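Biologist: Could you walk me through this one as if I had never seen it before? I would like to know the reasons behind the labels as we go.

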Amino acid sequence: MILLLLLTLALLLWMIQRELDSTAREVPMPEDQCANCHAPIDIDWMVCPHCQQRLRESCPCCHKGKKISHPHCPFCGNTGKERAA
Ligand SMILES: [Zn+2]
Ligand SMILES: [Zn+2]
């Protein structure tokens, strides 16, 4: 009888663990992935440590790291490309 109880408990724990596992794996974080090799990256990293892909560049206007895929700096609106006047 006790064995049955333990088995039920173990099954319950296993099911909970599986549930937690699937929810943790289901969160897609495209912002935290390298666009080139899809390795998980830190949001502040400038270069992907796996493939050396440049992830961010410092804005020439406010010098904050902006994503290389963003055409405009999200901090000051600078396009990042200085036009020849
Ligand atoms: Zn990469
Ligand atoms: Zn800026």
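**Labels and the reasons for them**

Modeller: Happily! Buried residues make up 6% of the 85 residues in the protein chain. Please keep in mind that this is a predicted model.

Biologist: How confident is the predictor, and which element has the lowest mean pLDDT?

Modeller: The average pLDDT of the protein chain is 83, and 84% of the residues score at least 70. Among the elements, strand β2 (residues 65-67) has the lowest mean, 84, while α1 has the highest, 88.

Biologist: What is the order of the elements along the sequence?

Modeller: The pattern reads α-β-β, with one helix and two strands in the protein chain.

Biologist: Let's try a residue. Why is Asp-44 called exposed?

Modeller: The label exposed applies to a residue with 12 or fewer other C-beta atoms within 10 Å of its own. Asp-44 has 8 such neighbours, so it counts as exposed. You will find Asp-44 in the loop between α1 (2-25) and β1 (56-58).

Biologist: And what makes Asp-32 partly exposed?

Modeller: Partly exposed lies in between exposed, at 12 or fewer, and buried, at 20 or more. Asp-32 has 13 C-beta neighbours inside 10 Å, and therefore counts as partly exposed. Asp-32, too, lies in the loop between α1 and β1.

Biologist: Which residues does Asp-32 contact, leaving aside its neighbours within four places in sequence?

Modeller: Those are Pro-40, Ile-41 and Ile-43. As for Asp-44, its C-alpha atom is separated from that of Asp-32 by 9.4 Å, and the two are 12 residues apart along the chain. Asp-44 and Gly-65 are 21 residues apart along the chain, with 7.7 Å between their C-alpha atoms.

Biologist: How do you know that His-38 is exposed?

Modeller: His-38 has 12 C-beta neighbours inside 10 Å. The cut-off for exposed is 12 or fewer, so His-38 counts as exposed. His-38 lies in the loop between α1 and β1.

Biologist: What is the phi of His-38?

Modeller: The phi of His-38 is near 60°, a positive value in a residue other than glycine. Most residues other than glycine have a negative phi. His-63 also has a positive phi, about 65°, although it is not a glycine.

Biologist: Where is His-63, and why does His-63 count as exposed?

Modeller: His-63 sits in the loop between β1 and β2. With 11 C-beta neighbours inside 10 Å, set against a cut-off of 12 or fewer, His-63 counts as exposed.

Note on methods
Residues are numbered from 1 along each chain as its sequence is written. Chains are lettered from A and ligands numbered from 1 in the order in which they are written. This is a predicted model: local features need pLDDT of at least 70, side-chain atom pairs count only at pLDDT 80 or more; totals for chains, interfaces and linings use all residues. Helices (H or I, at least four residues) and strands (E, at least two) are DSSP runs, numbered from the N terminus. Two residues are in contact if their C-beta atoms, placed from the backbone, lie within 7 Å. pLDDT is the predictor's confidence in each residue, from 0 to 100.
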